[in-house]
Amino acid sequence: ELFDERHAIAGLEFVGTAIIAIAVTDMIAQLDDPDADVREEAAMALGRIGSPQATEALLAKLDDPESDI
């Protein structure tokens, strides 16, 4: 029973990590949305997630003189 529980936990962790990675990728794309509210919400969400990929994207936007983020 413990063996099955460990596999279930590992599977859930994997799925959770995969979903976050997909969400981060989608949110990064939203940083270029024409709607300022969408860009702002994407930036806020990425900041809350705080993953290396999210942080890198936010820092890149901060360094971009044409970005309003």
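In this predicted model, helix α3 takes in residues 52-63, twelve residues in all, and runs 16 Å from its first C-alpha to its last, close to the 16 Å expected at 1.5 Å a residue. Four of its residues are tucked away: Ala54, Ala57, Leu58 and Lys61 make up the buried set of α3. Looking down the axis of α3, these buried residues fall within an arc of 95°, so they line one face of the helix. Turn to the other side of α3, and Pro52, Glu56 and Asp63 come up as exposed. Thr55, also in helix α3, sits between those two classes: Thr55 is partly exposed, at a relative accessible area of 33%. As for where Thr55 stands relative to Val38, the two are 17 residues apart along the chain, and their C-alpha atoms are separated by 18 Å.

Helix α2 can be read in much the same manner. It has 14 residues and reaches 20 Å between its first and last C-alpha, close to the 20 Å expected at 1.5 Å a residue. Its buried residues are Arg39, Ala42, Ala43, Ala45 and Leu46. Around the axis they cover an arc of only 165°, which puts them on the same side of α2. Over on the other side of α2, the exposed residues are Asp37, Glu41 and Arg48.

Each of these buried lists holds a charged residue, Lys61 in α3 and Arg39 in α2. That brings up the salt bridges. Side chains of opposite charge can pair when their charged atoms come close. The count for this model comes to two salt bridges. One of them joins Lys61 to Asp32, with the closest N and O atoms 2.4 Å apart. Since Lys61 belongs to helix α3 and Asp32 to the loop between α1 (2-30) and α2 (36-49), the pair ties together parts that lie 29 residues apart in sequence. The partners differ in how much of each is covered. Lys61 counts as buried because its relative accessibility is 15%, below the 20% limit for that class. Asp32, by contrast, is exposed, with a relative accessible area of 54%.

The surroundings of Lys61 can be filled in a little further. Leaving aside residues up to four places away in sequence, Lys61 touches Leu31, Asp32, Ser67 and Ile69. The salt-bridge partner Asp32 is thus among the contacts of this helix α3 residue.

The other salt bridge is between Asp68 and Arg39, whose closest N and O atoms are 2.6 Å apart. Here Asp68 comes from the segment after α3 and Arg39 from helix α2, so this pair, too, ties together parts 29 residues apart in sequence. Once again a buried residue meets an exposed one: Arg39 counts as buried at 14% relative accessibility, whereas Asp68 counts as exposed at 53%.

What does Arg39 touch, not counting residues up to four places away in sequence? The list runs to Gln30, Leu31, Asp32, Asp33, Pro34, Asp68 and Ile69. Asp68, the salt-bridge partner, is one of them, and Leu31, Asp32 and Ile69 also turn up among the contacts of Lys61. So Arg39, buried in α2 with a relative accessible area of 14%, and Lys61, buried in α3 at 15%, have those three neighbours in common.

Helix α1 gives a different kind of detail. Phe14, Val15 and Ile19 make a nonpolar surface patch of about 330 Å². Within that patch, Val15 has its place in helix α1 and is partly exposed, with a relative accessible area of 44%. Another residue found in helix α1 is Arg6, which counts as exposed at 56% relative accessibility. Arg6 and Gly47 are 41 residues apart in sequence, and C-alpha to C-alpha they are 31 Å apart in space.

Definitions and conventions. Residues numbered from 1 in each chain as written. Predicted model: local features only at pLDDT ≥ 70, side-chain atom pairs only at ≥ 80, totals over all residues. Heavy atoms only, no water. Expected span 1.5 Å × (residues − 1). Buried < 20%, exposed > 50% of the residue type's maximum accessible area, 1.4 Å probe, protein only. Arc of directions from axis to C-beta. Salt bridge = Lys/Arg side-chain N within 4 Å of Asp/Glu carboxyl O. Contact = heavy atoms within 4.5 Å. Patch = residues over 30% accessible without salt bridge, like charges linked within 9 Å, V, L, I, M, F, W, Y side chains within 5 Å. Areas by Shrake-Rupley, 256 points an atom, 1.4 Å probe, with all protein chains shown as cover.
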